[in-house]
Amino acid sequence: KKYTSKVIVEKGNVCVARDIGLRIAKGQIIVGADADTVYPKEYLQEVWKFFQENPNAVGVCGPVRLEDCPWWASLYWAWGRTSIEVWYRLTGKVIYAFGLNLAYKKNVLLELGGYNRSLDFGGDELDILSRLQKKGRFFYSKSLFPTTNGRRFKVGIIKYFTKYLIT
C-alpha cells in the first residue's frame with residue numbers, strides 16, 4: 001500500500017500545528033509524532049490493533065525511551081515514566097501522555113473543539129489528555145514505545161526546569 005505525506009507550513013506553536021493536522025487529517029485515528037522521535041516498525045499497526053480491540057476507547061498513549069541526554073535527564077525521565085505506569089496500574093487513569101506517543105479518536109477531539117491554540121509546550125499533552133478523559137476511557141499501553149532524542153535536556157538542569165516546567 002502506498003502512503004503519501006502532506007506538509008503544511010503555518011506559523012504558530014505546537015498546538016496550532018497539531019490542531020491544523022487534526023482538522024485536515026482524513027483518518028479517524030490521530031497519532032501524534034515528533035520529528036526527533038524514532039518509532040518501531042510496527043507502531044501504527046499496534047495503534048490500529050489497539051483501537052480494534054478497544055472500540056470504546058477515546059485514546060491511548062505509552063512510554064517513551066530517551067536517548068542522547070545527560071545522566072540527570074535519564075534519571076528524571078525514568079522517575080516520570082515509572083510514576084505514570086504505577087499510577088495507571090493503581091487507578092486506571094493516565095496522568096500524563098507525551099504528545100509524540102498519543103493516539104486518539106479524531107471525532108472525539110473535534111467534538112471538544114480541537115486543540116487549544118493559545119497553549120504552547122505541554123498543551124498538546126496535559127490539556128488534550130484531561131479533556132479526552134472526560135469523554136471516555138483513555139488507556140496506557142506498554143506496546144507503544146518509541147525513542148526520542150534528549151536534545152532539550154542539553155541546555156542544563158537549571159535552564160531546562162525553568163524553561164519547560166516553571167514557565
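Nine salt bridges are counted in this structure, which is a predicted model. One of them joins Asp 19 to Arg 117, and another joins Glu 85 to Lys 142. The strands considered below belong to two open sheets, one ordered β1-β5-β3-β6 and the other ordered β2-β7-β4.

**Salt bridges between distant parts of the chain**

- Side chains of opposite charge can pair when their charged atoms come close.
- Asp 19 and Arg 117 form a salt bridge through their side chains, with an N to O distance of 2.8 Å.
- Asp 19 belongs to helix α1 (residues 14–24), whereas Arg 117 sits in the loop between α4 (106–111) and α5 (123–135), so this pair ties together parts that lie 98 residues apart in sequence.
- The two partners differ in their surroundings: Asp 19 is buried, at 2% relative accessible area, while Arg 117 is partly exposed, at 38%.
- Glu 85 pairs with Lys 142 in a salt bridge whose closest N and O atoms are 3.7 Å apart.
- This second pair also links distant parts of the chain, since Glu 85 is in helix α3 and Lys 142 is in the loop between β6 and β7 (147–149), 57 residues apart.
- Glu 85 counts as buried because its relative accessibility of 12% falls under the 20% cut-off.
- Lys 142, in contrast, is exposed, with a relative accessible area of 52%.

**Salt bridges in helix α5 and a shared network**

- Arg 131 and Asp 127 form a salt bridge, with 3.1 Å between the closest N and O atoms.
- Both residues lie in helix α5, and they are separated by about one helical turn because they are four residues apart.
- Arg 131 and Asp 127 are both buried.
- Arg 18, Asp 34 and Asp 124 are joined into one network by salt bridges that share partners.

**Helix α3**

- Helix α3 covers residues 71–91, 21 residues in total, and spans 30 Å from its first C-alpha to its last.
- That reach is close to the 30 Å expected at 1.5 Å a residue.
- Its buried residues are Trp 72, Ala 73, Trp 77, Gly 80, Ile 84, Glu 85 and Tyr 88.
- Among them is Glu 85, the salt-bridge partner of Lys 142.
- Gly 92 follows the helix and has a positive phi, near 80°.

**The four-stranded sheet**

- Strands of a sheet pair through backbone hydrogen bonds, either parallel or antiparallel.
- Four strands make up an open sheet of mixed pairing, in the order β1-β5-β3-β6.
- The edges are occupied by β1 (29–31) and β6 (137–140); each has a single partner strand, so one side of each is left without a neighbour in the sheet.
- From one strand to the next, the twist averages 15°.
- Within this sheet, β3 (residues 57–61) and β5 (residues 102–105) are antiparallel and pair over three bridges.
- Val 60 stands opposite Ala 103 in β5.

**The three-stranded sheet**

- Three strands form an open sheet in the order β2-β7-β4, again with mixed pairing.
- Its edge strands are β2 (37–38) and β4 (65–67), each of which pairs on one side only.
- Strands β4 and β7 run parallel and pair over three bridges.
- Glu 67 has Asn 149 in β7 as its bridge partner.

Note on methods. Residues numbered from 1 in each chain as written. Predicted model: local features only at pLDDT ≥ 70, side-chain atom pairs only at ≥ 80, totals over all residues. Heavy atoms only, no water. Expected span 1.5 Å × (residues − 1). Buried < 20%, exposed > 50% of the residue type's maximum accessible area, 1.4 Å probe, protein only. Pairing = 2+ DSSP bridges. Axes fitted to C-alpha atoms, helices over the stretch in contact; angles between N-to-C directions. Salt bridge = Lys/Arg side-chain N within 4 Å of Asp/Glu carboxyl O.
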